[in-house]
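Take a walk through this fold, one sheet at a time. Keep the model open as you read.

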Amino acid sequence: MNDKRREDGPAIKVKGLRKEFGPYVAVKSIDLEVEKGEIFGFLGPNGAGKSTTIRMLCGLLRPTAGEGTVAGYDVLAESEKIKRVIGYMSQHFGLYQDLTVEENVEFYSGIYLGKKSIEVQEKVIAELGLEKYRKFLAGNLSGGWKQRLALACAISHSPRILFLDEPTAGIDPTSRRVLWDFLYEKADQGVTLFVTTHYMDEAEHCHRLGFIMDGTLTACATPHDIKTGQMHGEVITLRADDNTAAYAALKDSPDLLDANVYGDSIHLVAKSAAEAIGRVSAALGSAGIEVLEIKRTEPTIEDVFVALSKEAIS
């Protein structure tokens, strides 16, 4: 297959992708396509198979079964070629703590580009605002700056596809915003982004989302279609004068499919919001709990995530 043919078709296309560790099946026959320039969010609870899937797609872990391509290269037979055209940023900081910022970038870009890497090094250091920290040891950086450095190293060879495993975990909101603004720019330039995250506001801004639960891809669609098509029931937002007491009174109610606390409110799920609102209000009134607000609302990605997670373990 020549290079031109490798550029045709989806950035990622796999069928029946499976990974077994002895008797344990971590990933169960996933079928998935991701288009070029797409920001694809990959969501699931801890232990669902997200990182295992990413490692197979990156050529770091050989699938037990299945077939497919990443950047046009076969996931079974051409893992080394895949590694050269993708970037990978793990959820744990994995760079050299005792090297400076510029030494880390020089090392990683040099692996792929050799002497041609000098210009690229300067470009990525500037793009991610790392100039004033270039002589700092990586181990002395704060969490947000470590993530910027990790991203700089991941893109230092201009990859076609960028795999990001919880890239903003544990960093402050400002650093999260800076990283995502940069990632949007990369997508606009045609780079494909495959991202795992536990931040549902980040998931809302992906082009499409895939939900993996217990090793199985249970849903794959746009955020809008996920919210409208995957939520079994209608969502009610409740605020009471005592949310803790309200939740305790409602969590086992036969009128509700589910109840979860979200900040200063409670999200209730019912077959019919119109019918449940009156019953819920009456039940709380009988318990001496004042209802400050109760109304039907559109489901959020977090509502769907929680619902699918509970279904997977029920």
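This is a predicted model. Start with an open sheet of four strands, ordered β12-β13-β11-β14 and paired antiparallel. Its edges are β12 (258–262) and β14 (291–297). Each of these has a single partner strand, so one side of each lacks a neighbour in the sheet. Direction ignored, neighbouring strands here are turned by 20 degrees against each other on average.

Now look at one pairing within this sheet. Strand β11 (residues 234–240) meets strand β13 (residues 265–270) through five bridges, in the antiparallel sense. To find the register, pick Val235: Val269 in β13 stands opposite.

Helices come next. Helix α11 packs on this sheet and touches β11, β13 and β14. The direction of α11 makes about 165 degrees with that of β14. A second helix, α12 (residues 301–313), lies across β11, β12 and β13. Helix α12 runs at about 130 degrees to β12.

Stay with α11 for a moment. The helix spans residues 273–286, and Ser286 is part of it. Is Ser286 buried or exposed? Ser286 has 70% relative accessibility. The cut-off for exposed is over 50%, so Ser286 counts as exposed. For a sense of distance, take Glu275 too. Eleven residues separate Ser286 and Glu275 in sequence, and their C-alpha atoms are 17 Å apart in space.

Turn to another part of the chain. Here four strands form an open sheet in the order β2-β1-β4-β5, with antiparallel pairing. The edge strands are β2 (24–34) and β5 (73–74), and each pairs on one side only.

Inside this sheet, follow β1 into β4. Five bridges join β1 (residues 12–21) to β4 (residues 65–70), and the two strands run antiparallel. Lys15 gives a handle on the alignment: its bridge partner in β4 is Glu67. Helix α2 (residues 50–57) lies across β1, β2 and β4. The angle between α2 and β1 is about 120 degrees.

Finish at the surface. Tyr96, Phe107 and Ile111 make a nonpolar patch of about 280 Å². Phe107 sits in helix α4, which covers residues 101–113. How exposed is Phe107? Its relative accessible area is 38%. Buried means under 20% and exposed means over 50%, so Phe107 falls in between and is partly exposed. Patch residues need over 30% relative accessible area, and Phe107, at 38%, meets that cut-off.

Terms used
Residues numbered from 1 in each chain as written. Predicted model: local features only at pLDDT ≥ 70, side-chain atom pairs only at ≥ 80, totals over all residues. Heavy atoms only, no water. Patch = residues over 30% accessible without salt bridge, like charges linked within 9 Å, V, L, I, M, F, W, Y side chains within 5 Å. Areas by Shrake-Rupley, 256 points an atom, 1.4 Å probe, with all protein chains shown as cover. Salt bridge = Lys/Arg side-chain N within 4 Å of Asp/Glu carboxyl O. Buried < 20%, exposed > 50% of the residue type's maximum accessible area, 1.4 Å probe, protein only. Pairing = 2+ DSSP bridges. Contact = heavy atoms within 4.5 Å. Axes fitted to C-alpha atoms, helices over the stretch in contact; angles between N-to-C directions.
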